[in-house]
Amino acid sequence: MTSLGTMYAKRLGGFYGGTVYALYLNRYTPGVSRGAGLSSWLRNLARWFVKGILSSSYLSKILTSAEPLLLRGVKCGAGGARMYWLPARILDDLMICRTRAWFTIRRTRGREIPHHRGAKALQEAFLNQLEQACEQAGNVMLFQKEKPVSVKLTCDSNAVGLRGKVDAFLIIHIGGSLRGIALETAQTGAEHVLRRGYILPRLLLYASSLNLSLGLTTVAVYLSLSASGRIRGLMFRGGNVAGFHVKIPPMYNLCRELASIMERETPPKPRGLCFCAECRYRFLCPHMRI
Ligand code: SF4
């Protein structure tokens with residue numbers, strides 16, 4: 001079995017209240033498609049991730065110096081009976097296209113947004129490998145099957161609440177400190193996630209909620225299960241940095257937009273670039289641009 005080598009991290013810049021890093025393999029690994037190649041890739045990726053976090057002195061410094069990742073205007077577990085709860089995955093749709101978010105809200109009516117079946121199976125296979133890698137490594141514990149972590153967050157400005165479950169939550173003992181890692185995985189390449197900004201608001205929401213509810217300083221990590229692309233993952237930690245700012249809208253702005261979309265009887269017009277050819281609502285949408 002080939003190893004994926006060591007992990008190295010590069011600081012990309014700041015986002016409001018935190019710093020974002022790209023996680024790289026130290027050598028390029030060609031794409032893996034199916035069958036035994038895919039399971040081997042997932043096993044290697046899980047081991048690379050756990051070993052990389054534990055053995056890199058730079059990552060150790062990043063984790064031990066992390067401050068709580070808190071999002072302005074967000075509360076954990078608040079909200080009364082009149083609160084309208086939406087699945088946190090709606091943020092992914094909102095970041096892609098607000099018209100799409102309108103359709104998803106109408107379709108799911110507050111219920112969980114289902115995963116694509118193939119994506120779910122891949123994610124579960126990876127999390128099984130991650131569990132084994134954590135058991136072998138020591139100093140890191142994975143809470144995934146036994147104790148799923150769910151969050152309920154509300155924004156002051158309106159009556160919309162978001163709730164969801166992070167893919168995995170790890171507790172790591174590093175540099176004499178305990179740190180939490182809120183981990184989200186998907187097949188989408190990390191470069192694409194960074195460019196489009198989706199998945200990230202939801203991930204930051206989970207990490208912020210875990211900070212607030214457990215009182216454990218938690219960093220957020222997105223790990224791409226795709227074998228292509230140079231960047232394997234993205235890590236967010238609390239603590240500001242000057243310089244380039246990753247463009248993620250403030251959470252209260254996103255919640256405000258969701259509240260206004262919910263009140264509409266007809267789909268709102270999209271803003272900016274849309275990828276209508278790949279959209280599941282393209283045959284229903286009056287604003288489709290192909
Ligand atoms: S078809 Fe295009 S405009 Fe309509 S919801 Fe989908 S991405 Fe948005």
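**Exercise 1. Find which residue of S8 stands opposite Met141, and describe the strand to which Met141 belongs.**

In this predicted model, Met141 stands opposite Ile171, a residue of S8. The two strands concerned, S5 and S8, pair in the antiparallel sense, and four bridges link them. The next step is to look along S5 itself, where the side chains alternate: Val140 and Leu142 point to one face and are buried, while Met141 and Phe143 point to the other face and are not buried. This agrees with a general pattern, since in a regular strand the side chains alternate between the two faces of the sheet.

**Exercise 2. Work out the order of the strands in the open sheet of seven strands, and explain why one side of S1 and of S5 is left without a neighbour.**

The order is S1-S2-S11-S10-S9-S8-S5, and the pairing within this open sheet is mixed. Strand S1 (7-15) and strand S5 (140-143) stand at the edges, and because each has a single partner strand, one side of each is left without a neighbour in the sheet. From one strand to the next, the twist averages 25°.

**Exercise 3. Follow the sheet from S1 through S2 to S11, and determine how S1 and S2 run and how many bridges join them.**

Begin with S1 and S2, which run antiparallel and are joined by eight bridges. Among the bridge partners, Lys10 is matched with Ala22 in S2. The two strands form a hairpin with two residues between them, and in the turn Gly17 has a positive phi of about 85°.

Continue to the other neighbour: S2 (residues 18-25) pairs with S11 (residues 231-238), again in the antiparallel sense, over seven bridges. Here Val20 has Phe236 of S11 as its bridge partner. Finally, consider the surroundings of S2: seven of its eight residues are buried, so S2 is largely enclosed by the rest of the structure.

**Exercise 4. Identify the strands that helix H2 and helix H7 lie across, and give the angle at which each runs.**

Helix H2 (residues 57-64) lies across S1, S2, S8, S9, S10 and S11, and runs at about 35° to S1. Helix H7 (residues 200-214) lies across S8, S9, S10 and S11, and in this case the angle is about 150° to S10.

**Exercise 5. Describe the largest nonpolar core, and state which residues have the most contacts inside it.**

The largest nonpolar core has 76 residues, and those with the most contacts inside it are Ala182, Ala207, Val219 and Ala220. Helix H1 (residues 35-55) gives the most to this core, contributing eight residues. To see one of these positions in detail, take Ala182: once its neighbours within four places in sequence are left aside, its contacts include Phe169, Leu203, Ala207 and Ala220. For the chain as a whole, 42% of the 290 residues count as buried.

**Exercise 6. Decide whether Asn139 and Ile199 are buried or exposed, and say what is notable about the phi of each.**

Asn139 is found in the loop between H5 and S5, and its phi is near 65°, a positive value in a residue other than glycine. Because Asn139 has 12 C-beta neighbours inside 10 Å, and a residue with 12 or fewer is classed as exposed, Asn139 counts as exposed.

Ile199 lies in the loop between H6 and H7, and although Ile199 is not a glycine, its phi is positive, at about 75°. Since Ile199 has 23 other C-beta atoms within 10 Å, Ile199 is buried. Both values can be set against a general expectation: most residues other than glycine have a negative phi.

**Exercise 7. Locate Thr188, and find which residues Thr188 touches beyond four places in sequence.**

Thr188 is in the loop between S9 and helix H6 (190-196). Not counting residues up to four places away in sequence, Thr188 touches Val193, Ser224 and Ser226. For Ser224, the separation from Thr188 is 36 residues in sequence, while the C-alpha atoms of the two are 6.0 Å apart in space. With 18 other C-beta atoms within 10 Å, Thr188 is partly exposed.

**Exercise 8. Describe the residues that surround the ligand, and name the closest.**

The ligand is surrounded by 13 residues, of which the closest are Cys97, Thr99, Cys276, Cys279 and Cys285. By type, this shell divides into nine nonpolar, two polar and two charged residues.

Notes
Residues numbered from 1 in each chain as written. Predicted model: local features only at pLDDT ≥ 70, side-chain atom pairs only at ≥ 80, totals over all residues. Pairing = 2+ DSSP bridges. Axes fitted to C-alpha atoms, helices over the stretch in contact; angles between N-to-C directions. Contact = placed C-beta atoms within 7 Å. Near = placed C-beta within 6 Å. Nonpolar A, V, L, I, M, F, W, Y, C, P; charged D, E, K, R; others polar. Core = buried A, V, L, I, M, F, W, Y, C linked by C-beta atoms within 7 Å. Buried ≥ 20, exposed ≤ 12 C-beta atoms within 10 Å, placed from the backbone.
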